Amino acid sequence: MATPFSATASIRRSLFQNPPPKSLLSLRDYNGGLNCVKCGSITAHLCSWKSASNYVRLNRQALVISTQLSVSGNVFKNRRLVVRAATIEEIEAEKTLIEKDVKARMEKTIDTVRSNFNSIRTGRSNPAMLDKIEVEYYGSPVSLKSIAQISTPDASSLLVQPYDKSSLKSIEKAIVNSDLGMTPNNDGEVIRLTLPQLTSERRKELSKVVAKQAEEGKVAVRNIRRDALKAYEKLEKEKKLSEDNVKDLSSDLQKLTDDYMKKIDVLYKQKEKELLKV
C-alpha cells in the first residue's frame with residue numbers, strides 16, 4: 001500500500017517473547033538486503049509489505065522499524081514505527097463470534113415461527129393460542145399469560161383464571177378485540193372459552209396465514225446469512241481472510257442456512273396438517 005513518505009536506513013527485527021504468535025503479515029519484495037525486488041532501489045518501501053492471504057509465522061508479534069523519515073522536505077530522525085499484525089487466534093475469535101451470532105439469531109427465528117404457529121388455533125385447544133393476547137393492566141399493556149393461569153379442561157375449551165380478579169373485565173375485552181374468533185364467558189371468577197368448530201373455508205384461510213408466516217421466517221434466515229457474508233467480506237478487505245477462506249466459510253454458512261430452512265418447512269408442514277385435519 002503506497003504511503004506519502006519513504007523510509008530510509010535499515011529495517012531491523014525485534015525479537016519478543018517465545019513462543020512466537022502466528023501472524024498474517026508476510027515479508028516479500030526484499031532479497032535479504034535493502035534492495036527492492038521490484039525496482040532495485042535501496043529505499044525501504046512500506047508498500048512492499050503485504051497482508052498474506054495464507055497464514056505465515058513470524059518470530060515476533062510486531063514489526064519495529066527504525067527510520068529516518070522524509071515528509072514534504074522535512075527530515076525526522078530516529079522515528080520508530082510499530083506495525084502490529086493480527087494473529088490467527090484473534091481472527092479465529094472474530095470468526096467464532098460471527099458464527100455464534102448467526103446460530104443464535106437463526107434459533108431465535110425458529111422460536112418466533114413456532115410461537116406464531118402456536119397462536120393460530122386448530123381443532124384442539126392449546127394455551128399457546130393466547131400467547132399474543134395483551135391486556136391493559138393498570139395503564140400498561142401486559143401479556144395475558146403473565147397475569148393469569150391458562151389451562152385446557154378439555155380438547156375444545158380454555159380456562160383463564162386471573163391472579164387478580166379485578167382484571168377480569170380487561171381480559172375479557174382483550175379477547176373480544178383479538179382475532180381469535182372466540183366469545184369469552186365471564187362468571188366473575190374465571191373466563192371460559194369454547195373453541196368453535198373450524199369450517200373448511202376458515203381452515204384454508206388459516207393455512208394461508210401459516211404459509212405467509214413460514215415465508216417470513218425464511219426471509220429472516222436469509223437476512224441473517226446476508227449479514228454474516230458482509231462480516232466475512234469485511235475481514236477479507238482487512239486482509240485477515242483470504243478469498244479461499246471466505247469461499248469455505250460461505251459454503252459452510254449456506255449449509256447452515258439450508259438446515260434452518262428445512263426446520264421451518266418441518267414446522268410449517270406440521271401446522272398445516274393440524275389445520276386441515278377435521
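UniProt, in an unreviewed entry, lists residues 225–259 as "coiled-coil region". What does that span look like in this predicted model? Residues 225–259 are 86% helix and 0% strand, yet their end C-alpha atoms lie 12 Å apart.

To picture that, look at the helices around it. Helix α4 covers residues 200–237 and helix α5 covers residues 243–276. Their axes come within 10 Å and cross at roughly 170 degrees. An angle over 145 degrees counts as roughly antiparallel, so α4 gets that label relative to α5.

Now bring in helix α1, residues 88–118. The axes of α1 and α5 also come within 10 Å, but here they cross at roughly 10 degrees. That is why α1 counts as roughly parallel to α5. Among the residues making this contact are V102, M106 and F117 of α1, along with L253, L256 and Y260 of α5.

Here are the two contacts side by side:

| Helix pair | Crossing angle | Residues in contact, by class |
|---|---|---|
| α4 and α5 | roughly 170 degrees | 17 nonpolar, five polar, ten charged |
| α1 and α5 | roughly 10 degrees | twelve nonpolar, two polar, seven charged |

Which elements give two or more residues to the largest nonpolar core? They are α1, α4 and α5. This core has 29 residues, and V102, M106, F117, Y232 and L241 have the most contacts inside it. Helix α5 brings the largest share, ten residues. In soluble globular proteins, nonpolar side chains tend to be buried together.

There's also a second, separate core, with 19 residues. Its members include I133, I147, I175 and L180.

Methods: Residues are numbered from 1 along each chain as its sequence is written. This is a predicted model: local features need pLDDT of at least 70, side-chain atom pairs count only at pLDDT 80 or more; totals for chains, interfaces and linings use all residues. Side-chain values use heavy atoms; hydrogens and water are left out. Axes are lines fitted to C-alpha atoms, for helices over the stretch in contact, and angles run from 0 to 180 degrees between N-to-C directions. Helices (H or I, at least four residues) and strands (E, at least two) are DSSP runs, numbered from the N terminus. Angles under 35 degrees count as roughly parallel, over 145 as roughly antiparallel, 65 to 115 as roughly perpendicular and the rest as oblique. Ala, Val, Leu, Ile, Met, Phe, Trp, Tyr, Cys and Pro count as nonpolar, Asp, Glu, Lys and Arg as charged, and the others, Gly among them, as polar. Contact means heavy atoms within 4.5 Å. UniProt positions are given in the numbering used here, feature names are shortened, and annotations may be inferred rather than shown by experiment. A nonpolar core is a set of buried Ala, Val, Leu, Ile, Met, Phe, Trp, Tyr and Cys residues joined through side-chain atoms within 4.5 Å. Buried means under 20% relative accessible area, exposed over 50%, partly exposed in between (1.4 Å probe, protein chains only).
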